[in-house]
Amino acid sequence: MKPVIQRISQISPDQSVICILGSDQIPERLKLTKEEIDFAQTQIQAKEEFIFINSYGRCTYLIRLKEGIAHYKIREELRRTAYNLKKLLKENNHSELVITSEKAYKGAIEDFTEGLLLSIYSFDKYKTKAGKDDKKYYPKKLLVQGQIEESEIKWLIDLTDAVYFTRNLIREPVNQLNAISLSEEIKKIGDSAGFKVEVLTKGKIEALKMGGLLAVNKGSVDPPVFCILEWNPANCLNKNPIILVGKGIVYDTGGLNIKTGEFMAGMNGDMAGAAIVTGVLHTIAKSGIPLHIIGLIPSTDNRPGGNAYTQGDIITMYNKMSVEIGNTDAEGRLILADAISYASKYAPELIIDIATLTGSAAMTFGNQAIAVMTNADRKYINLLEECGNDVYERIAELPFWDEYGELLKSDVADLRNVGGREAGAIIAGKFLEQFAEFPLIHMDIAGTEMLKKDDFYRLKNGAASGLRLLSAFLRRIAADYSEKN
Ligand code: BES
Ligand code: ZN
Ligand code: ZN
């Protein structure tokens, strides 16, 4: 369960407190005894970064900010400290916990609280028996006190709510969440957050001739869906919408080019892009960001069943281009390509797609950077990079030269869906670019999303990588628009 976040104006003497210190001063409002203050002071002099005071009945945790590193790194250290503290916090069974700061940078309370919320997430909906640990619990209430603005508290709640449900969706196995049920979940989220959701079902997808999505769906007994999410507030500042496209493969077996065991594990999370786009729309709508944003989510499973598409098939995409199938495991680009050409009807300012697209992106950057390719104005990638550092979902750009696209030439069709063995992530990006009639940013999260072990608060089995980044990016775009007006 996600703890609730509330503001309090004063700390009462019996409350357990986390205090982030930006100086050596221990604030009086913590109401520590003389002995406790002396103890804390000695620890501070000894350059301890974390000080724990157990006053029987209540605990005080003092966290000292790192110094001498870039500001965005100080922020990240604080989020990581929250992760490192989670065990001790659970041991101490706080039903509520105050989070405050003293002489720390503006935003320190948010960063720590965010790190903590993301760290204590868990997915236990299918557990019917209590574990040995279950008598211990995390705080049910986080009480923020001091230097934090109301708008920031709201943003933090909306954003972390989104991370929680996005991670839940990513963890659902395909026997619990197929394309149809994913669309139902998206609809529910849209209804509660206040954005519009239209679900195109198989008949409509056929009528529209979305050949990429239909080809991937052929081996499945479940129908595909194409979801259109829209947030278009009356006060929106952009003339042309920004379109987010998310890969919604609810399970990727590889199709007839079937994956072997180790590579198939975790492929229920191949719809992370779709879940993340939903999470971003939720955050933007809940926070009332004045931008016209559209999310496009093509979704199906990729299976080798009955009439599955095969190597050598030639298909006609939504935009009428023909594609020769070189590998049925390169399915993500086929469904995304249809969505990217569908985006044209909105004449978007920018298209951003996010997808667990290639093993190659993971081989190139490991789990530390989202692979990004773009043909859009540099101002967008510069801003994305800055936001990436701020929220610590960092991006690394790959070259996007036209020569890479030549590897997709086919003897029999306009394009093949795979190139050779090399530069796989770039070739996938180049494939998508063929379908984009408007500026494109392509984000491949295959390396950052499906971690085998926790990387601090970026938890294994579905981190929702890129959700915080895209939310921050859009919030900044809106702020830049308002500044210009
Ligand atoms: N969903 C996979 C990519 C993936 C791999 C995501 C590992 C997360 C972790 C994608 O559909 C895929 O299978 N890509 C192939 C493309 C290849 C056939 C050109 C790949 O990367 O091996
Ligand atoms: Zn695949
Ligand atoms: Zn896939």
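Asp252 is buried in this predicted model, because its relative accessibility is 3% and buried means under 20% relative accessible area, exposed over 50% and partly exposed in between (1.4 Å probe, protein chains only). Asp329 has a relative accessible area of 23% and is therefore partly exposed. The model is predicted, so local features need pLDDT of at least 70 and side-chain atom pairs count only at pLDDT 80 or more, while totals for chains, interfaces and linings use all residues. Residues are numbered from 1 along each chain as its sequence is written, chains are lettered from A and ligands numbered from 1 in the order in which they are written, and side-chain values use heavy atoms, with hydrogens and water left out.

Both aspartates take part in a metal site. The zinc ion (ligand 2) has as protein donors Asp252 (OD), Asp329 (O), Asp329 (OD) and Glu331 (OE), at 2.0 to 2.2 Å. Donors are N, O and S atoms within 2.8 Å of the metal (3.2 Å for Na, K and Ca); water is not among the atoms, so sites may look incomplete. The arrangement is irregular because the six donor atoms around the zinc ion (ligand 2) subtend angles of 71 to 168°. Four donors count as tetrahedral if all angles lie between 85 and 135 degrees; four count as square planar and six as octahedral if opposite donors are over 155 degrees apart and all others between 65 and 115; anything else is irregular. Asp252 also coordinates the zinc ion (ligand 3), which lies 3.3 Å from the zinc ion (ligand 2). Asp252 belongs to strand 10 (residues 248–252) and Asp329 to the loop between strand 13 (322–324) and helix 10 (332–342), so the pair ties together parts that are 77 residues apart in sequence. Helices (H or I, at least four residues) and strands (E, at least two) are DSSP runs, numbered from the N terminus.

Ligand 1 has 16 residues around it, of which Asp252, Lys259, Asp329, Glu331 and Gly359 come nearest; a residue is near a molecule or strand if one of its heavy atoms lies within 4 Å of it. A polar side-chain atom of Lys259 is 2.8 Å from an oxygen atom of ligand 1. Backbone N or O atoms of Thr356 and of Leu357 each lie 3.4 Å from a nitrogen atom of this ligand. Taken alone, ligand 1 exposes 520 Å², and the protein buries 76% of that area (Shrake-Rupley method with a 1.4 Å probe; for residues, only the protein chains shown count as cover).

Note on methods
Polar contact = N/O pair within 3.5 Å; in protein donor to acceptor, adjacent residues only side chain to side chain.
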